[in-house]
Amino acid sequence: MVELKTPAEIARISRGGTIIADLFDELEPRIIPGISTAALDVFAEEFIRSHKGAVPVFKGLYGFPAAVCTSINEEIVHGIPSADRILNEGDIISVDVGVELNGWCSDSARTFPVGRVSAEVERLLSVTGEALERAVEAAGALGHVGDIGHAVERVVEGTGFSIVRDLVGHGVGRKVHEEPQVPNFGKSGTGPLLRAGMVLAIEPMISMGSHEIRTLADRWTLATADGSVSAHFEHTVALTGEGARVLTHDAPGVEVQ
Ligand code: MG
Ligand code: MG
């Protein structure tokens, strides 16, 4: 069942969302060649917990062992931070963060370049970021869930990249994963109706090669089947009836029309 949130509940979710946005701003200058993903995880956990009542919601969720997911290059999502994973110049790393603050969750991911990346990887980051923007706009129009995936498809079409189809966005609220599922492909006018009061995590994942995925030996990390590089951007957004309000922005209250 899809639960609608009141404006007061949305305001609470956005307070956690702002912590994630601030965390990304703090992480950005720290994502440099030579740093380990474990160091990023420690920083993220301390930053989140420095806000009264905030906890990293992924820690322990389904048994996940860390505060954030760190997925490098061909890894798409659910990478486990490790002291042995050192970032190199030219890598990209997706950091996926969930915060629970006073019983309400928010969820956001950003893919960062490590030093200088190739022009093709830069293009992947820009296409994936634009896919998220267009998908958020589509959600704000209060049509159907299929409109969101359709907007992602329209951005990716003709780029030579492919949409990871097996992983989806989701509702967010008391739990970090709620109904409905939000696929990154779809037909306009299909799927569940979008209504004011819905809070959704919209999260396109785009691969430079195959859309197919595989699970790595750690049984957590999902990577592209053909080893091609992939990017992932995610925002938690509230559907207000006057567009979609991004709750995991630096500036709370930014409206995307
Ligand atoms: Mg996430
Ligand atoms: Mg998510």
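# Two magnesium ions and what surrounds them

Both Asp-96 and Glu-234 are buried. Keep that pair in mind as you turn the structure around, and remember that you're looking at a predicted model.

Let's start with the metal that Asp-96 and Glu-234 hold. The magnesium ion (ligand 1) takes its protein donors from Asp-96, which appears twice with OD atoms, from Asp-107 (OD) and from Glu-234 (OE), and these sit 2.0 to 2.7 Å from the ion. If you like to read a site off the sequence, the donor residues run D-x10-D-x126-E. The long gap in that pattern has a structural side to it: Asp-96 belongs to strand E4 (residues 92–101), while Glu-234 is in the loop between strand E13 (230–232) and strand E14 (235–239), and the pair links parts of the chain 138 residues apart.

Now look for the second metal. Asp-107 bridges the magnesium ion (ligand 1) and the magnesium ion (ligand 2), and the two ions lie 3.1 Å apart. For the magnesium ion (ligand 2), the coordinating atoms come from Asp-107 (OD), His-170 (NE2), Glu-203 (OE) and Glu-234 (OE), at 2.1 to 2.2 Å. Along the chain, this set of donors is spaced D-x62-H-x32-E-x30-E. Here too, separate stretches are brought together: His-170 lies in strand E7 and Glu-234 in the loop between E13 and E14, so this pair ties together parts that are 64 residues apart in sequence.

How accessible are these two donors? His-170 has 6% relative accessibility, so it counts as buried. Glu-234 comes out at 1% relative accessibility, and therefore counts as buried as well.

From the metals, move on to the pocket. The largest pocket has a volume of about 410 Å³. It is lined by 21 residues, and those closest to its centre are Tyr-62, His-78, His-170, His-177 and Glu-203. You've already met His-170 and Glu-203 as ligands of the magnesium ion (ligand 2). Strand E7 (169–171) and E8 each put at least two residues into the lining, and E8 gives the largest share, with 3 residues. In chemical terms, the lining has 10 nonpolar, 5 polar and 6 charged residues.

Tyr-62 deserves a stop of its own. You'll find it in the loop between strand E1 (54–56) and strand E2 (68–72). Is Tyr-62 buried or exposed? At 62% relative accessibility, Tyr-62 counts as exposed, because the cut-off for that is over 50%. Setting aside residues up to four places away in sequence, Tyr-62 touches His-177 and Trp-220. With His-177 there is also a polar contact between the two side chains, at 2.8 Å.

Next, go back to Asp-107, the bridging residue, and follow its backbone. Its backbone oxygen lies 2.6 Å from a polar atom of the Thr-236 side chain. Thr-236 is in strand E14. Thr-236 has 0% relative accessibility, so it counts as buried. Leaving out neighbours within four places in sequence, its contacts include Ile-13, Ser-106, Asp-107, Val-172, Val-199, Arg-245 and Leu-247.

Two of those names lead on to helix H1 (residues 7–27), where Ser-14 is found. Beyond its neighbours within four places in sequence, Ser-14 is in contact with Arg-245 and Leu-247. The side chains of Ser-14 and Arg-245 are joined by a polar contact of 3.5 Å. At 6% relative accessibility, Ser-14 counts as buried, because the cut-off is under 20%.

Last, take a look at helix H4 (residues 145–156). Why say that H4 is largely enclosed by the rest of the structure? It's because 9 of its 12 residues are buried. Among them are Val-145, Gly-146, Asp-147, Ile-148 and Gly-149, along with Ala-151, Val-152, Val-155 and Val-156. The cover over these buried residues includes helix H3 (119–140), together with strands E6 (162–163), E8 (178–182), E9 (199–202) and E10 (205–207). E8 is a strand you've seen before, in the lining of the largest pocket. Just after H4, Gly-158 takes a positive phi of about 85°.

Key: Residues numbered from 1 in each chain as written. Chains lettered and ligands numbered in written order. Predicted model: local features only at pLDDT ≥ 70, side-chain atom pairs only at ≥ 80, totals over all residues. Heavy atoms only, no water. Buried < 20%, exposed > 50% of the residue type's maximum accessible area, 1.4 Å probe, protein only. Helix = DSSP H or I, 4+ residues; strand = E, 2+ residues; numbered from the N terminus. Contact = heavy atoms within 4.5 Å. 1 Å grid on protein atoms, 1.4 Å probe; cavity = no way out; pocket = protein on both sides within 12 Å on 5 of 7 lines; lining within 4 Å. Points joined across faces, edges and corners; volume = space filled by probe spheres on them. Nonpolar A, V, L, I, M, F, W, Y, C, P; charged D, E, K, R; others polar. Donors = N, O, S within 2.8 Å, 3.2 Å for Na, K, Ca; no water. Polar contact = N/O pair within 3.5 Å; in protein donor to acceptor, adjacent residues only side chain to side chain.
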